[in-house]
Structures are given as structure tokens and as C-alpha cells.
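Subject: Structure for you to look at

Dear colleague,

I am passing on the structure we spoke about, with the sequence alongside. Please open it before reading my notes.

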Amino acid sequence: MIDSHCHINDPAYINNPEKYIKEATSAGVNKLLVVGYDLKSSKDALEIASKFDNVYAAIGVHPSEVKKASDNDLKEIEKMLSNPKVIAVGEIGLDYHWDKDLIIRNMQREWFENQIELANKHHLPISIHCREANEDCLNILKKHKPICSGVMHCYSGSPEMVKDFIKIPVMLGIGGVVTFKNGIKLKEVVKIVPEDMYLLETDAPYLAPAPHRGELNHSKYLPLIAEEIAKLRGEPIDKVIETTDRNFAKLFKI
Ligand SMILES: [Zn+2]
């Protein structure tokens, strides 16, 4: 089972990645993609990935961090893209939840577009963060096609929009929200997403699945997400795991 989006580079875990990875492996989670959100966390993601066989890095500037980022940060990130342990540019995208200011939102769109171009230049897929901005995100993806595809991490769009995103094409990352009682929209999404177009993820330390909701999330909880997906799709859990392992390998070419 593969966690396609976690943050071992977060202050909650960075001091003991070895313990984290061991606990994940014990739970059957044997591959991890650690995702950066600014220059420092991207460097940390790569450092962790370099030390462990089954750990990989995605690096980039998160939309909520663009205010603090500089052109030089992007240059530094670009230099790291040739490292074989970097398998994606991310997390990049739009977050209108926290930023209401139109100038900042413009800045977010510009950074998103520039980082898609960067991924294209280096033949890498992208990991997309999109919150309360699905329409704009879709429009940018149509105009600036990610040529090596990507994933809508923690997909929060409607079931109706699934077809638009998979047409780009980008896969959908399914996380802990699918286990929430009020995660009704995402449960519908999981029932209809084609089997070759979704991935498992935790987004640890955020969004712990039920019954751990509100606690610190960890990749070791990924089986709870896979179980819920299996129930919703009416498939054995082994099939969900096999399918999402295959999808991960196809998207990230490992
Ligand atoms: Zn994340």
C-alpha cells in the first residue's frame, strides 16, 4: 500500500523519520511520497527521501506560501528536480480558503502556472493542492496542461467535476475525509471514479481518518482509508490496494 501524500518533513515528525517509516511499514504501508510546501520543507523532503529506499519526494511551493516565497526559491527548487528521488513537483495549486485578497489570488495563479511549466520542462507529474478553487484550478490545468499528468491531492471537488479532472488527465488523491460521517460528497466521488484514476493518501499530519479524526495523522492509518474505499466501491480491499499501487507506479514511473 502506498501513501501518495504525507509530510514527514512536518515539525511533528521531522526529528524521527525512521520511527515514522517503521510504523508505516508495520501497518503495510511500504512506499511513501513526502511532499514539500516551500523551499525548506522541499529540501527536508528530499533529505528524508535520500536516506530511505522506499521514500520519495515531491517538491514545490504551496499556494498559501507564495506570499513568502521568492524567485530564488523557485531556482533552488529547480536545481533539486534532477535528483532521481524527486518524482513530482508539488504541492502546488490554489487555496482560496485562507487567501481572500485578489492580488494574492493572482499571485497564487501565477505561481501555479509557473510551477506546471517547470514540471513540464523536467518531465515530472504534479501534486495539486486545491481548496475552494476548483473552477479556477480546472481552467489553469486546461490552459497549462501538465504533460506528465498529476494528482488532485485530497480531492475536494464535486462528483460532477470528476469527469473534467480525469479528462485533463489528472488522478484523484483520496484521503481521510472519505471516512468522515460528513464526507458525503467524497463518498460519492469514490463510487464513480474509474479504477485507474485514483490514489490513496493520508496528508499526515493533517486530516486523520475516523476513528482518529482530530488526532495527529500518520501513514499507518492508510489502511482505514483503503477499507472505506473498498466498502464504498463494493470491492475487496486487496483490489483497492493493487489498483492504487499500480496507479502510483504508472503516474510517478517507479
Ligand atoms: Zn499536503
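What follows is a summary of what was found, from the whole chain down to single residues.

A word on conventions: this is a predicted model, in which local features need pLDDT of at least 70 and side-chain atom pairs count only at pLDDT 80 or more, while totals for chains, interfaces and linings use all residues. Residues are numbered from 1 along each chain as its sequence is written, and side-chain values use heavy atoms, with hydrogens and water left out.

The protein chain holds nine helices and eight strands, where helices (H or I, at least four residues) and strands (E, at least two) are DSSP runs numbered from the N terminus. Its C-alpha trace spans about 45 × 40 × 30 Å along the principal axes. The radius of gyration is 17 Å, which agrees with the value near 18 Å for a compact globule of 254 residues; this radius is taken over C-alpha atoms, and the globule rule is 2.2 Å times the number of residues to the power 0.38. Of the 254 residues, 59% are buried, a word that here means under 20% relative accessible area, with exposed meaning over 50% and partly exposed in between (1.4 Å probe, protein chains only). Among contacts (heavy atoms within 4.5 Å) with a separation of 6 or more, 71% are between residues 24 or more positions apart.

Histidine 153 is a good residue to begin with. It lies in strand β6, residues 150-153, and counts as buried because its relative accessibility is 4%. Its side chain makes a polar contact of 3.3 Å with that of glutamate 91 and another of 2.8 Å with that of glutamate 201; a polar contact is a pair of N or O atoms within 3.5 Å, and within protein one must be able to donate a hydrogen and the other to accept it, with residues adjacent in sequence counting only if both atoms are side-chain atoms. Setting aside residues up to four places away in sequence, histidine 153 also touches others, including His5, His129 and Asp203.

Glutamate 91, found in strand β4, is joined to glycine 90 by a cis peptide bond with omega about 5°. A cis peptide bond also joins alanine 210 and proline 211, again with omega about 5°, and proline 211 is in the loop between β8 (198-200) and α8 (222-233). For context, most peptide bonds are trans, and most residues other than glycine have a negative phi. Glutamate 132 has a positive phi, near 55°, and sits in the loop between β5 (126-131) and α5 (134-143), where it counts as partly exposed at 46% relative accessibility. Lysine 253 likewise has a phi near 55°, lies in the segment after α9 (237-252), and is exposed, with a relative accessible area of 57%.

Two loop residues complete these notes. Aspartate 99, between β4 (86-95) and α4 (102-121), is buried with a relative accessible area of 6%, and its side chain makes a polar contact of 3.0 Å with that of lysine 67. Tyrosine 37, between β2 (31-35) and α2 (39-51), is buried at 19%; its contacts beyond four places in sequence include His7, Asp10 and His62.

With best wishes
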